[in-house]
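Q: Could you take me through one helix of this model and its surroundings, up close? I'd like to know which side of the helix is tucked away, what sits against that side, and how the neighbouring pieces are arranged.

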Amino acid sequence: MAQLTDDCFAFSGPLLPIAEAERMIEERVSPVVEIETVPLGAVRGRVIARDIVAPLSLPPFDNSAVDGYAVRHADLDPAKETRLTVGGRVTAGRSAARSPEAGEAIRIFTGAPMPKGTDTVFMQEDCRVDGNSVIVPAGLEIGANRRLAGEDLRAGSVMLPVGRRLTEQHVALAAAVGLTTLPVRRLVRVAVFSTGDEIVDPGAPRPAAALFDANRYLLAGLIERIGARPTDLGILPDDAERLGQAIEAAAAGHDLVLTSGGVSTGEADHVRTAVERIGRLVFWRVGIKPGRPVAMGVIPGPNGEGAAFVGLPGNPVAVFVTFARVVRPLILRLAGAETEPLLPLPVRATFAYRKRKGRREYVRVKLVRAGDGGIDAIKHAQDGAGVLTSLTETDGLVELPEDLTTVAPGATVGFLSYAALTD
Ligand code: AMP
Ligand code: MG
């Protein structure tokens, strides 16, 4: 089924740096190959499968950017006002009946085609009308208030390159040139399991020592948000045998199998054991906090192909962070999407923080406008990896690089909004 060779993710170090994980994903995972032709109304979020060449220029014809009077610039007196006879009228959606003769202006409205021979448009606010004449001021440059054909987009140029993830803006562009469908790669299929004897589904009775499942809901939403298709496969018990069977079955129909829980070193953490039985686990510790236990591997399938496997930690905040920093790049790579590096924006820390070297840490913060106009990042009071409200009551994450060990109040730090991390 999927797009991974068995030597993916070969890594033997103890704590894989995030940059290394990203590099492996980029180098060793190849995108899904199937292409679908999808109507414009349903392409948002999909990934362009081959370069799309513009079939039409935008705008398609020279037209007026304002309501006013179209003239020949050569008719104007460069030193003083010019009186022109209004020789016609053209509105949007129509063409001028004739081109103006020397000394004539054409009444024109926004979007109407430039009458043949005219090159410049006066805004009506700058003109005086006197009977059948219009008096225009001196000093307007040639070409003013005229939109040239192709100044937005040239027919024949690549308007949507292969790998582009389509937003509403791209859909609008495709519509503007008259396209009705676009070739996109098929959706990446992601199987999602929760694991843990203590996890029950919302709506089911909850034994005293049980927790309702938050992670499957979090993950399904995050997967959909980046344009992939989640399959909800429910909750698995802490049992390596049953975990292995379920993961292996899921691998046959999916590009990626994603679990949460059961990957740390506790005695009941059977996900690693299960994956080692049915496939190959390549690393299970990433230099990221929260979220250090992230297992990544390959479940082999027929023809030497296999599904990717990622075992996320159980704590919901760790799930969120590791999804954003490890799973999202993997899914986008499977989807064949071009990706831009995340750009942390500078904000001012109001908190002190100490961290270990060699690990990238993420601090949940709320942003406020400070008295001096700057933007302050206020750290959430609780930083446990299981505190879900720390995600709902904040705006994003401050990213503290591997080399850093301390943050002092007032320091400039890099902020990533939740939207930037999940879109
Ligand atoms: P684990 O790595 O399985 O030990 O899980 C770490 C913590 O996350 C434990 O407190 C679990 O109860 C919790 N947890 C695991 N899976 C979920 C889930 N699907 N929803 C909410 N909490 C979970
Ligand atoms: Mg567990």
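A: Sure. Bear in mind that this is a predicted model. Let's start with helix H1, residues 18–28, where the buried residues are Ile18, Ala21, Met24 and Ile25. Looking down the axis of H1, you'd find those buried residues inside an arc of 125 degrees, so they line one face of the helix. That spacing fits a general rule: an α-helix has 3.6 residues a turn, so residues three or four places apart point the same way.

What does the buried set of H1 pack against? The partners are strand S18 (280–283), strand S19 (288–289), strand S20 (295–300), helix H6 (316–334) and strand S24 (360–369).

Let's stay with H6. The axes of H1 and H6 come within 9 Å and cross at roughly 15 degrees. Angles under 35 degrees count as roughly parallel, so that's the label for H1 and H6. Their crossing is right-handed. As for who touches whom, Ile18, Glu22, Ile25 and Glu26 on the H1 side meet Arg325, Val326, Pro329, Leu330 and Arg333 on the H6 side. Ile18 and Ile25 also belong to the buried set of H1.

H6 has another helix packed against it: H3, residues 215–225, at an angle of about 30 degrees and with the axes 11 Å apart. H3 and H6 are therefore roughly parallel to each other as well, and this crossing is right-handed too. Here Asn215, Leu218, Leu219, Leu222 and Ile223 of H3 meet Pro316, Val319, Phe320, Phe323 and Ile331 of H6.

Phe320 is worth another look. Searching the whole structure for aromatic pairs turns up two. In one of them, the ring centres of Phe320 and Tyr418 are 5.3 Å apart and the planes stand at 90 degrees, so the pair is edge-to-face. Phe320 sits in helix H6 and Tyr418 in helix H8 (residues 418–422), so the pair ties together parts that are 98 residues apart in sequence. Phe320 and Tyr418 are both buried.

The other aromatic pair is Phe351 with Tyr353, which is edge-to-face, at 6.4 Å centre to centre and 80 degrees between the planes. Phe351 has 7% relative accessibility, so it counts as buried. Tyr353, at 15% relative accessibility, counts as buried too.

So, back to your helix: H1 has its buried residues along one face, and H6 is among the elements they pack against. H6, in turn, packs with H3 and carries Phe320, the partner of Tyr418 in H8.

Conventions:
Residues numbered from 1 in each chain as written. Chains lettered and ligands numbered in written order. Predicted model: local features only at pLDDT ≥ 70, side-chain atom pairs only at ≥ 80, totals over all residues. Heavy atoms only, no water. Buried < 20%, exposed > 50% of the residue type's maximum accessible area, 1.4 Å probe, protein only. Helix = DSSP H or I, 4+ residues; strand = E, 2+ residues; numbered from the N terminus. Arc of directions from axis to C-beta. Contact = heavy atoms within 4.5 Å. Phe/Tyr/Trp six-rings, centres within 6.5 Å; stacked < 30°, edge-to-face > 60°. Axes fitted to C-alpha atoms, helices over the stretch in contact; angles between N-to-C directions. Parallel < 35°, antiparallel > 145°, perpendicular 65-115°, else oblique. Left-handed = near helix turned anticlockwise from the far one by under 90°.
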